[in-house]
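Subject: Structure handover and notes

Hello,

Please find the sequence and structure below. My notes on what was found follow directly after.

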Amino acid sequence: MTSILTNNGAMVALQTLSSINSDLTDTQNQISTGKEIGAAKDNSAIWAISKVMESDVAGFEAVSDSLSLGESTVAVATAGAEQITDLLKEMKEKVVAATGENVDNSKLEADVNELKNQITSVIGASQFNGANLLNTAGGDITVLSSLDRDAAGAVTASNITVASVDFEAGLDLTTVDMTDSTTAEASIDDIEALIQAAVDGAAALGASAARIERQNEFVTKVTDAMKSGIGSLVDTNMEEASARLKALQTQQQLGVQALSIANSAPETLQQLFR
């Protein structure tokens, strides 16, 4: 039955065209924003997961900054400890030379005193942003190393603690005496102990520096992997979206034509009344 009051064909064509236009708008938004899921209404479950992961990425980026700061602090302290080790080795040469009978102990002692002053200066200068692992006042430093999320969603912070080697208190330079050959010879054991303490301190700092560096590399890789995971969840597949856009544009054109045909159908009724 054909009616001039109810055009069922036009209503179906209009609904189809409306659906096509809605899909076309969604596809255009996906292409323009680059995100297939840009809001909770698109897919609430995936959107929620992506937002939690994005917050974790932001946290890990802050962790990376913390590790970089800690790595720089330890690197400065390590450089200072290695320099002090070299200065103590040079001091040892002076002490051994002072054990001879025909040497100028006063000049050698003056050289050693300058080396002592240099060591004290290095200890004081081996700081980064106010943190000094070689003096007494500096103390240990704690570096944020990770944010661990369990299955229930609880987040726990993990830290790396770098112990101060405290050369200010641990290296007693006053034990090295070069007044004469006898005191110089007695100081050899003392300088050996100082060198060993410096080597042990530098080695400990080096181990901490290596651990922080490895952790920073790991955090960077985890952050990149999480970003990739977020992208696979919410980013638009541009090739697929392009093909879909072309198909929807064609469907839109056909839908407009179908609606035009349906709207013109009642006009044929005029022929019945001629």
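The first item is a hairpin: strands E3 and E4 form it with five residues between them, and Gly153 in the turn has a positive phi of about 95°. Please keep in mind throughout that this is a predicted model.

**Hairpin**

E3 covers residues 141-149 and E4 covers residues 155-162; the two strands run antiparallel and are paired over eight bridges. On the turn side, Arg149 is placed opposite Val155 in E4. Elsewhere in the pairing, Ile141 stands opposite Val162 in E4.

**Positive phi outside glycine**

Most residues other than glycine have a negative phi. Two residues are listed here as exceptions. Asn129 is not a glycine, yet has a positive phi of about 55°. Asn129 sits in the loop between strand E1 (127-128) and strand E2 (131-132). With a relative accessibility of 66%, Asn129 counts as exposed, because the cut-off for that class is over 50%.

Asp166 is the other case, with a positive phi of about 45° although it is not a glycine. Asp166 belongs to the loop between E4 and helix H4 (167-170). Is Asp166 buried or exposed? At 19% relative accessibility Asp166 counts as buried, since buried means under 20%. You may want to keep that cut-off in view when reading the label for Asp166.

**Salt bridges**

How many salt bridges does the count come to? The count is eight. Three of them are described here, and each involves helix H2, which spans residues 44-98.

The pair Lys51 and Glu54 is joined by a salt bridge at 3.2 Å, N to O. Both residues are in helix H2, three residues apart, which is about one turn of the helix. Lys51 is partly exposed at a relative accessible area of 34%, and Glu54 is also classed as partly exposed, at 27%.

Glu61 and Lys227 make a salt bridge through their side chains, again given as 3.2 Å, N to O. Glu61 lies in helix H2 and Lys227 in helix H5 (residues 181-234), so this pair ties together parts that are 166 residues apart in sequence. Glu61 is partly exposed at 36% relative accessibility, and Lys227 is partly exposed at 42%.

Lys92 and Glu192 form a salt bridge in which the closest N and O atoms are 2.2 Å apart. This pair also links distant parts of the chain, with Lys92 in helix H2 and Glu192 in helix H5, 100 residues apart. Lys92 has a relative accessible area of 27% and is partly exposed; Glu192 is partly exposed as well, at 35%.

**Negative patch**

Which residues form the negative surface patch? They are Glu82, Asp86, Glu90 and Glu93. Of these, Glu90 is placed in helix H2. Glu90 is partly exposed, its relative accessible area being 36%. Residues enter a patch with over 30% relative accessible area and no salt bridge, so Glu90 at 36% is above the area cut-off.

**Contacts across the sequence**

Two pairs bring together positions far apart in sequence. Thr6 and Pro266 are separated by 260 residues in sequence, while their C-alpha atoms are 9.7 Å apart in space. Thr6 is located in the segment before helix H1 (8-33). Thr6 is partly exposed, with a relative accessible area of 41%.

The other pair is Ser260 and Leu14, which are 246 residues apart in sequence and 9.7 Å apart in space, C-alpha to C-alpha. Ser260 is part of helix H6 (residues 238-264). At 47% relative accessibility, Ser260 counts as partly exposed, because the class of exposed residues begins over 50%.

**Recap**

For quick reference when opening the file:

- Hairpin: E3 and E4, antiparallel, eight bridges.
- Positive phi, not glycine: Asn129 at about 55° and Asp166 at about 45°.
- Salt bridges between helix H2 and helix H5: Glu61 with Lys227, and Lys92 with Glu192.
- Negative patch: Glu82, Asp86, Glu90 and Glu93.
- C-alpha pairs at 9.7 Å: Thr6 with Pro266, and Ser260 with Leu14.

Regards

How values were computed
Residues numbered from 1 in each chain as written. Predicted model: local features only at pLDDT ≥ 70, side-chain atom pairs only at ≥ 80, totals over all residues. Heavy atoms only, no water. Pairing = 2+ DSSP bridges. Helix = DSSP H or I, 4+ residues; strand = E, 2+ residues; numbered from the N terminus. Patch = residues over 30% accessible without salt bridge, like charges linked within 9 Å, V, L, I, M, F, W, Y side chains within 5 Å. Areas by Shrake-Rupley, 256 points an atom, 1.4 Å probe, with all protein chains shown as cover. Salt bridge = Lys/Arg side-chain N within 4 Å of Asp/Glu carboxyl O. Lys, Arg positive; Asp, Glu negative; His and termini not counted. Charge placed at Lys NZ, Arg CZ, Asp CG, Glu CD. Buried < 20%, exposed > 50% of the residue type's maximum accessible area, 1.4 Å probe, protein only.
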